[in-house]
Amino acid sequence: MTIMATNPRDLCNEQIVNELHASHMYLSMAAYFNHQGLRGCADFMLAQSEEEREHAMRFYNHLVDRDTRVEIGVVDETPNAWDSPRAAFEDALAHEEKVTGQIEKIYEAAESAGDRPLMNMLDWFVDEQVEEERTFRRILELFDLIEDDQAGILEIDERLSDLDHE
Ligand SMILES: [Fe+2]
Ligand SMILES: [Fe+2]
């Protein structure tokens, strides 16, 4: 994204693309984990990818409901490989932290424009980001505990396949 929008509606349009980018990145991580033989991690990332598309649709639907023109921008490229499973999860957490910042920025713009419906819609995202960051931090904690032990990685893989169905 080259334009630095400050108008809440423009920021929502940009956020559709940001959420789609997250969706692509998690899909790419799913493919990477599948290739590594970590099916639990792959399924977990597939579920994340679908969730991110739903996030994009929340912004899309909000704009349509507000009778605002939706314009889909270019989705940036995503990496296709990581140095280790842990590195992928580190990237995921960093990405979620970035998205939290984007949501905060839209919230501030909505607040200064007195856009109450958008603020209400964003409340869901504020809670969601707390949840997403917590999930990825927890997974990284598990990686800290196993200290690169291969059997431990399989254990995490098992746990994530359970988490996916919760
Ligand atoms: Fe999201
Ligand atoms: Fe997310």
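# A guided tour from alanine 30 outward

Begin by selecting alanine 30, which is buried because 22 other C-beta atoms lie within 10 Å, where 20 or more are required for that class. The model on display is a predicted one. Alanine 30 has its place in helix H1. Next, add methionine 45 to the selection: the C-alpha atoms of alanine 30 and methionine 45 are separated by 5.0 Å, although the two residues are 15 residues apart along the chain. With neighbours up to four places away in sequence left aside, the contacts of alanine 30 are Ala42, Met45, Leu46 and Ser49.

**The nonpolar cores**

Widen the view to the surroundings of alanine 30. Ala30 is among the residues with the most contacts inside the largest nonpolar core, together with Tyr26, Met29, Phe33, Cys41, Ala42 and Met45. This core has 19 residues in total. At least two residues of the core come from each of H1, H2, helix H3 (85-112) and H5. Which helix gives the most to this core? It is H1, with seven residues.

Select cysteine 41, another member of that group. Beyond residues up to four places away in sequence, cysteine 41 touches Phe33, Pro85, Asp157 and Leu160. A second core, separate from the one just visited, has twelve residues, including Cys12, Ile16, Leu20 and Ala109.

**Isoleucine 106 and its neighbours**

Move now to isoleucine 106, in helix H3. Is isoleucine 106 buried or exposed? With 25 other C-beta atoms within 10 Å, isoleucine 106 is buried. If residues up to four places away in sequence are not counted, isoleucine 106 touches Pro8, Leu11, Cys12, Gln15 and Leu122; Cys12 is one of the residues of the second core. For a longer distance, select glutamate 51 as well: its C-alpha is 20 Å from that of isoleucine 106, and the two residues are 55 residues apart in sequence.

Aspartate 10 may be selected next, in helix H1. Aspartate 10 counts as partly exposed, because it has 16 C-beta neighbours inside 10 Å. Between aspartate 10 and phenylalanine 59 the C-alpha to C-alpha distance is 11 Å, with 49 residues of separation in sequence.

**Helix pairs**

Display H3 together with H4. Their axes are 9 Å apart and the helices pack at an angle of about 160°, so H3 is roughly antiparallel to H4. The crossing of this pair is left-handed. Coloured by class, the residues of the contact of H3 with H4 divide into 17 nonpolar, two polar and eight charged.

Keep helix H4 (residues 116-146) in view and bring in helix H5 (residues 150-163). The axes of these two helices come within 9 Å and cross at roughly 155°; H4 and H5 are therefore roughly antiparallel to each other. The crossing in which H4 passes H5 is right-handed. Which residues make the contact? On H4 they are Leu142, Phe143 and Ile146, and on H5 they are Gly152, Ile153 and Ile156. Five of the residues in the contact of H4 with H5 are nonpolar, one is polar and none is charged.

Now replace H4 by H2. The axes of H2 and H5 come within 7 Å and cross at roughly 35°, and H2 passes H5 in a left-handed crossing. H2 contributes Arg39, Gly40, Cys41, Asp43 and Phe44 to the contact, while H5 contributes Asp157, Glu158, Leu160, Ser161 and Leu163. The classes in the contact of H2 with H5 are four nonpolar, two polar and four charged residues.

**Two stops in the loops**

Glycine 37 is in the loop between helix H1 (8-35) and helix H2 (39-65). Glycine 37 counts as exposed because it has 10 C-beta neighbours inside 10 Å. Select leucine 154 as a partner: the two residues are 117 residues apart in sequence, and their C-alpha atoms are 9.5 Å apart in space.

The tour ends at aspartate 67, in the loop between H2 and H3. Aspartate 67 is exposed, as 6 other C-beta atoms lie within 10 Å. Its phi is near 60°, a positive value in a residue other than glycine. Most residues other than glycine have a negative phi.

Methods
Residues are numbered from 1 along each chain as its sequence is written. Chains are lettered from A and ligands numbered from 1 in the order in which they are written. This is a predicted model: local features need pLDDT of at least 70, side-chain atom pairs count only at pLDDT 80 or more; totals for chains, interfaces and linings use all residues. Axes are lines fitted to C-alpha atoms, for helices over the stretch in contact, and angles run from 0 to 180 degrees between N-to-C directions. Helices (H or I, at least four residues) and strands (E, at least two) are DSSP runs, numbered from the N terminus. Angles under 35 degrees count as roughly parallel, over 145 as roughly antiparallel, 65 to 115 as roughly perpendicular and the rest as oblique. A crossing is left-handed if the near helix is turned anticlockwise from the far one by less than a right angle, and right-handed if clockwise. Two residues are in contact if their C-beta atoms, placed from the backbone, lie within 7 Å. Ala, Val, Leu, Ile, Met, Phe, Trp, Tyr, Cys and Pro count as nonpolar, Asp, Glu, Lys and Arg as charged, and the others, Gly among them, as polar. A nonpolar core is a set of buried Ala, Val, Leu, Ile, Met, Phe, Trp, Tyr and Cys residues joined through C-beta atoms within 7 Å.
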